[in-house]
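Work through the exercises below with the sequence and the structure at hand. Each task is followed by a solution in steps.

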Amino acid sequence: MAVQDLSVFVRHRDDGIASMELAVDGIRCAGCMQAIEGGLAREPAILGARVNLALKRVSVEWREALLRPEAVVEKLAALGFKAYPFVPERQEEGAASEERYLLRALGVAGFASMNIMLLSVAVWSGNSGDIDPATRDFFHWLSALIALPTAAYAGRPFFESALRALKVGAVNMDVPITIGVVLALVMSVAETWSHGRHAYFDGVVMLLFFLLIGRYLDQLMRRRTRDLAGNLAALKAETATRLAADGSATVMPIAAIAPGDLVLVRPGERVSVDGIVETGRSELDQSLVTGETAPVEIGQGERVHAGTLNLTGALTVRVAAAGQGTLLDEIDRLMDQAVGSRSRYVRLSDRAARLYAPVVHTLAASTFLGWLAFGLAWPEALMIAVTVLIITCPCALGLAIPAVQVVAASALFKRKIMLKEGDALERLAEADIAVFDKTGTLTLPEPEILNPEALPAERRAEIGALAAASGHPLAQALARALGVTRAAEDVHEERGQGLSVGNGNDERRLGSVAFCGAQAEAAMVAALHPGASLIAYRHGSFRAVLALGQALRPQARETIAALREAGLEVAILSGDRFEAVAPIAAELGVTELHAALMPGDKLALLERMAADGRKVLMVGDGLNDAPALAGAHVSLSPVSATHLAQAAADIVFLGESLAPVAAALTIARKARRLMLQNLWFAVLYNAVAVPIAIAGLATPLVAAVAMSGSSLVVTLNALRACAGEAAAEVRP
Amino acid sequence: MNIIVILFPLALGLGLAGLGAFFWCMRSGQYADLDGAAWRVLQDEDVGKPSRSEEG
């Protein structure tokens, strides 16, 4: 085995201390946390290890001179944890500082609203009693002293967003918020100046506080998505064997491989880079990339893609920068075209905002004019109009959707489903047709033995050893399926026929059906598994025929049934031949299938469905699916998918089972229902509160109660997205 | 009235102290791992460290 080299992941400090971030598989509880931290602390060279349980990461610091980074990974493996180092992304630091700023603003607004409320309660109770006007003015001035700097600091996200929107001639939710906040502050100062009874400093700051909560949740959701995507990339732990100029081989993480490097790909390995074959001939299984299951011959000067499986011969590959190959070029072009169509989707919150802003502006303006016409002085009329703006505040609206999203995303995370886009939930809930890719999505990515009952357990090892001795793609697949890597010795291979070992009665043969004389058994197996490749084995009088093919993912049938029950139609779109797709479709009871599709055909089919008004849920994993995944209304991909497909998907699920597809749909529908409930609640709230405000009866006390009450109701309702989930898990 | 002159700065000061503590927590990364912190409370190996590790 070549030497591992992880130095690309290590960060160095001046004082000889190195540190590394690792994503760790299988941290579940406090016990794991303690085992890792305690176990690493026993190593004298390691200065510190800290587990982040929420992110399933460990950061380790050690004295550089005493330890190699590989030793840290080994140490964790000895403790029973597989760890995958990764480089924390730098370009995301802008987003991280934005999040910290929101949290600080939230803290300031929280502090200010509590202190102003302290003063306001005194004024409210004094107003109904006999407060000394001088005291009331003093309290109002103090409130202003707190509220004005707070609004200037904590209101910035809204002011800036509103300005951005106005500059391009659009109106968003932040425009009425900004107008409301600024007018309310100005009017309150004027009111205090003229020794008035009511000032709305408390309302303004509370409004900012609630809105910031919604804004922060939204940001949190995006951060979590990004972190999980980082973990996913690390968990794949892709490596390549780099050949140095002197011929020595080193296993490097993909992150350390640069274009122009020479990489060795052994038979049976998955190619992890895009490049051109420098030397060697081989057959490639390109099923993950194109969907086609039949192997393809490849030789010098030809292009290989990451994700393909090298079957027969060793290849050296010159790494090329991505995006120059014919297939990738084509896919790239299609991706650009596809992403455009998804961006047409308008989020629920934006749709609500589009309705909301004009309605509120008209209401406030007509209130002002109405009261003027009624004969009220303009400052008082303006004050009432401002209370309309404040009380219709989209607190509930701003919280209604982010809160549900955060709760639903954590429910999905518990089921090992990772949400990459916040609005994917809304889109998933709307889906009315589920389109599956076949290879690697409905089926497992590696070929499996379809009739394991034909193989007695005691013969597994010998058949595996025999199979491992051959370079034939089918034999290689069999050896992998049996988990055997050590080849048998003294094996005699007859090309095109099979392998034999031993002589006379003790002769054992593995190969074609005719080679082993197993026609009778083969006929039976072929009837049960049409479309599978057959491989026979003979030892004395014992004969077995194994069917090798793509096994369905666990729970594929149940998932398809569940999707149907949820009212979705199901279709299969595959790049593979019709004969290979038909048996799978028949087994799952899917009647709508399209085979032998090029990437562009898939996208065109999806676009035709979209033009018919269908909302397509696409599940796929191959490079050839990437444009379709990007173009679908919503898309899922398994974690075994190629990079580009995973990047294009909205949701990525872990594990072999297909069940997360149905689970994600259930949770998404529930989340959407809760979002709509929350929005309707906001409408109801406004229907009650707005007439009060228009009538001029919304005192600061009424405004405070109404705003905090509605926000609380919406948040509690959002938490139900998680509560139902817990109940569902208890039921078997 | 006089009591307000004392009480009000006191209340504001307490609030500011809380805000300062919040900022300090943020800067020292205490919100980075909320799940882990919930469990760390239950670990007691920081109490009498040397004797514990001998027992274990």
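**Exercise 1: Chain A as a whole**

Chain A holds 25 helices and 28 strands. The model is predicted.

Task: State the extent of chain A along its principal axes, and what share of its residues is buried.

Solution. Step 1: along the principal axes, the C-alpha atoms of chain A fill a box of roughly 115 × 65 × 50 Å. Step 2: of the 732 residues in chain A, 48% are buried. Step 3: for contacts in chain A with a separation of 6 or more, 68% join residues 24 or more positions apart.

**Exercise 2: Domains**

Task: List the domains assigned to chain A and identify which of them consist of several segments.

Solution. Step 1: domain 1 covers 1-88 and domain 4 covers 448-549, each as one segment. Step 2: domain 2 is made up of 96-225, 346-394 and 672-730. Step 3: domain 3 combines 405-443 with 553-669. Step 4: between the centres of domain 3 and domain 4 of chain A, taken over C-alpha atoms, the separation is 35 Å.

**Exercise 3: One residue in a strand**

Task: Decide whether A:L309 is buried or exposed, and find which residues it touches.

Solution. Step 1: A:L309 belongs to strand β14 of chain A, residues 309-310. Step 2: around A:L309 there are 25 other C-beta atoms within 10 Å; the cut-off for a buried residue is 20 or more, so A:L309 is buried. Step 3: leaving out residues up to four places away in sequence, A:L309 touches A:R270, A:L284 and A:D285. Step 4: A:G696 lies 387 residues from A:L309 along the chain, and 73 Å separate their C-alpha atoms.

**Exercise 4: The contact between the chains**

Task: Determine how many residues each chain brings to the contact, and which helix of chain B gives the most.

Solution. Step 1: chain A contributes 18 residues and chain B contributes 17 residues. Step 2: on the side of chain B that touches chain A, α1 (2-27) and α2 (34-40) each supply at least two residues. Step 3: α1(B) gives the most, with nine residues. Step 4: by type, this side of chain B has eleven nonpolar, four polar and two charged residues.

**Exercise 5: Confidence**

Task: Locate a stretch of chain A where pLDDT stays under 50.

Solution. Step 1: chain A has a mean pLDDT of 82, with 93% of its residues at 70 or more. Step 2: over residues 725-732 of chain A, pLDDT stays under 50, and the model has two contacts beyond four places in sequence for them. Step 3: where pLDDT is low, predicted coordinates should not be read in detail.

Conventions
Residues are numbered from 1 along each chain as its sequence is written. Chains are lettered from A and ligands numbered from 1 in the order in which they are written. This is a predicted model: local features need pLDDT of at least 70, side-chain atom pairs count only at pLDDT 80 or more; totals for chains, interfaces and linings use all residues. Two residues are in contact if their C-beta atoms, placed from the backbone, lie within 7 Å. Helices (H or I, at least four residues) and strands (E, at least two) are DSSP runs, numbered from the N terminus. Ala, Val, Leu, Ile, Met, Phe, Trp, Tyr, Cys and Pro count as nonpolar, Asp, Glu, Lys and Arg as charged, and the others, Gly among them, as polar. A residue is buried if 20 or more other C-beta atoms lie within 10 Å of its own, exposed if 12 or fewer, and partly exposed in between; C-beta atoms are placed from the backbone. Domain bounds come from an automatic or database domain assignment. pLDDT is the predictor's confidence in each residue, from 0 to 100.
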